[in-house]
Amino acid sequence: MACGSLLGVAGLAGCTGRESSGSTTDTGGTADGDATRNINDDAALEATLERDGEKRVLFTDADIASVGAVSTRAEIGPSVPLELSEAGTNSVTETAEAVDLATSNEQAMIAITLDGEQVKRLGISAALAEAMASGEWDGRFVLTFADETAAESVHDRLVDESPA
């Protein structure tokens, strides 16, 4: 698997070479029109910022505004685009600013868990850290996976398919 970040300038920007099994993240979002706003209320997704032995919640499933359809692109593989709500994006910005992430990104990691199981742990590029801390990050990202089955599993867990 390649490495990635929650925001990339081109390709998989933000690579630090530190990651675990699961998914990687890249730029993107849900502009393709295939996004659902029916987020599963009990999905228990959480993204935390880990730095100097301290963990801070960046956002949870309650902060997700939409989840895009699973797609596979040659440059990133199987993926699921997510877009945070304004409140979720602001939460990330406030946390990044509070820990001075723009100058301490090399000591920080982002861990993404779903139902208590870690699906991603990644480093944070200087560009991503600066965008988050300055409020320029738009809250959109794409979780990429080693295989389509893993992408579909996460997508299905995040999306509420029940009739309205």
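Glu 50 stands opposite Lys 55 in β3. This pair is a convenient way into the structure, which is a predicted model. Glu 50 falls within β2, the strand spanning residues 45–51, and β2 pairs with β3 in the antiparallel sense over 6 bridges.

These two strands belong to an open sheet of 4 strands, in the order β3-β2-β7-β8, with antiparallel pairing. At its edges lie β3 (54–60) and β8 (117–123), each of which pairs on one side only. From one strand to the next the twist averages 25 degrees. Helix α1, residues 86–98, packs on the sheet and touches β2 and β3; the direction of α1 makes about 160 degrees with that of β3.

On its other side, β2 meets β7 in the strand order. The two run antiparallel and are joined by 7 bridges, and Leu 45 stands opposite Leu 114 in β7. Of the 7 residues of β7, 6 are buried, so this strand is largely enclosed by the rest of the structure.

The next step across the sheet goes from β7 to β8. These strands also run antiparallel, joined by 6 bridges, with Ile 112 opposite Lys 120 in β8. β7 and β8 form a hairpin with 2 residues between them. Asp 115, in the turn, has a positive phi of about 55 degrees.

Helix α3 covers residues 126–134, and its buried residues are Leu 128, Ala 129, Ala 131, Met 132 and Ala 133. What covers them includes α1, α2 (101–104) and β7 (108–114). Just after α3, Gly 135 takes a positive phi of about 85 degrees.

The last part of the picture is aromatic. How many aromatic pairs does a search of the whole structure find? There are 2. In one of them, the rings of Phe 59 and Phe 141 have their centres 5.6 Å apart and their planes at 50 degrees, so the pair is tilted. This pair links distant parts of the chain, with Phe 59 in strand β3 and Phe 141 in strand β9 (residues 140–145), 82 residues apart. Trp 137 and Phe 141 form a stacked pair, 6.3 Å centre to centre with 20 degrees between the planes. Ring pairs thus link Phe 59, Trp 137 and Phe 141 into a cluster.

Are the members of this cluster buried or exposed? A residue counts as buried under 20% relative accessible area. Phe 59 has 1% and is therefore buried; Phe 141, at 0%, is buried, and so is Trp 137, at 2%.

Terms used. Residues numbered from 1 in each chain as written. Predicted model: local features only at pLDDT ≥ 70, side-chain atom pairs only at ≥ 80, totals over all residues. Heavy atoms only, no water. Pairing = 2+ DSSP bridges. Axes fitted to C-alpha atoms, helices over the stretch in contact; angles between N-to-C directions. Contact = heavy atoms within 4.5 Å. Buried < 20%, exposed > 50% of the residue type's maximum accessible area, 1.4 Å probe, protein only. Phe/Tyr/Trp six-rings, centres within 6.5 Å; stacked < 30°, edge-to-face > 60°.
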